Amino acid sequence: MNELNLPSYAVKLRGTREKPEIFDFLRRRYVALTPEEWVRQHFVHWLIEHKGYPKGLLGNEIMLKSGEKSLRCDSVLYNKEIVPQMIIEYKAPTVSLTKRVFDQIVTYNLLLHVDYLVVSNGIQHLCCKIDYEHQRYEMLQDMPDYEDL
């Protein structure tokens with residue numbers, strides 16, 4: 001897998017060369033090891049171990065319904081009242097973080113109405129804080145620590 005701009009952790013792998021799997025400790029099961037999943041697992045561990053995000057308030061692969069259409073958020077951070085606070089979208093390290101990539105997460109936010117949107121390809125991480133009152137957003141220089149949300 002690609003080298004990421006995230007700290008390493010004790011990765012648990014299993015499976016075969018053709019069908020490798022990585023342990024997702026939020027879902028408590030092994031999942032297919034894809035480049036996107038490699039980024040997700042490193043990013044979630046970074047949030048918990050280095051940024052102070054509570055493990056119990058994070059969820060992976062969160063399903064959303066919009067009429068007949070089903071959507072899936074890569075990760076969602078909830079607040080203590082279990083209201084979504086942040087949506088995180090992951091891309092493979094080879095995928096550039098373009099406006100089109102960011103538009104995907106904005107679509108999810110039409111349903112969840114969160115305060116923060118995050119996109120990461122494991123090398124670059126973009127985080128914005130949404131100001132609903134003034135109908136604008138601010139791109140943050142760094143991923144905030146949990147206590148600063």
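I'll start with the pocket. Fifteen residues, or in figures 15, line the largest pocket, and Phe102, Val106, Leu117, Cys128 and Tyr137 are the ones nearest its centre. Keep in mind that this is a predicted model. The volume of that largest pocket is about 260 Å³.

Where does the lining of the largest pocket come from? Helix 2, strand 8 and strand 9, residues 136-140, each supply at least two residues. Helix 2 gives the most, with 6 residues.

So much for the pocket; now helix 2 itself. Helix 2 runs over residues 99-112, which is 14 residues. At 1.5 Å a residue it should span 20 Å, and its end C-alpha atoms are 20 Å apart, so the two figures agree.

Which residues of helix 2 are buried? They are Val101, Phe102, Ile105, Tyr108, Asn109 and Leu112. These buried residues sit on the same side of helix 2, because they cover an arc of only 110° around the axis. The general background is that an α-helix has 3.6 residues a turn, so residues three or four places apart point the same way. On the other side of helix 2, Lys99, Arg100 and Leu110 are exposed.

The buried residues of helix 2 pack against five strands by name: strand 4 (58-66), strand 5 (69-78), strand 6 (84-90), strand 7 (116-120) and strand 8 (125-131). Phe102, then, is buried in helix 2 and is also among the residues nearest the centre of the largest pocket. Just after helix 2 comes histidine 113, with a positive phi of about 55°.

Next, helix 1, residues 35-51. From its first C-alpha to its last, helix 1 reaches 23 Å, close to the 24 Å expected for its 17 residues at 1.5 Å a residue. Is helix 1 mostly covered or mostly open? Mostly covered: 13 of its 17 residues are buried. Glycine 52 follows helix 1, and its phi is positive, near 80°.

Last, the cysteines. Cys128 came up already, as one of the residues nearest the centre of the largest pocket. How many disulfides are there? The count comes to 0. Why is there no bond at cysteine 127? Its closest cysteine sulfur is in cysteine 128, 6.6 Å away, which is too far for a bond; the cut-off for a disulfide is within 2.5 Å. Seen from cysteine 128, the closest cysteine sulfur is that of cysteine 127, again at 6.6 Å and too far. Both are buried: cysteine 127 has a relative accessible area of 3%, and cysteine 128 has one of 1%.

That's what I have.

Conventions: Residues numbered from 1 in each chain as written. Predicted model: local features only at pLDDT ≥ 70, side-chain atom pairs only at ≥ 80, totals over all residues. Heavy atoms only, no water. Buried < 20%, exposed > 50% of the residue type's maximum accessible area, 1.4 Å probe, protein only. Helix = DSSP H or I, 4+ residues; strand = E, 2+ residues; numbered from the N terminus. Expected span 1.5 Å × (residues − 1). Arc of directions from axis to C-beta. Contact = heavy atoms within 4.5 Å. 1 Å grid on protein atoms, 1.4 Å probe; cavity = no way out; pocket = protein on both sides within 12 Å on 5 of 7 lines; lining within 4 Å. Points joined across faces, edges and corners; volume = space filled by probe spheres on them.
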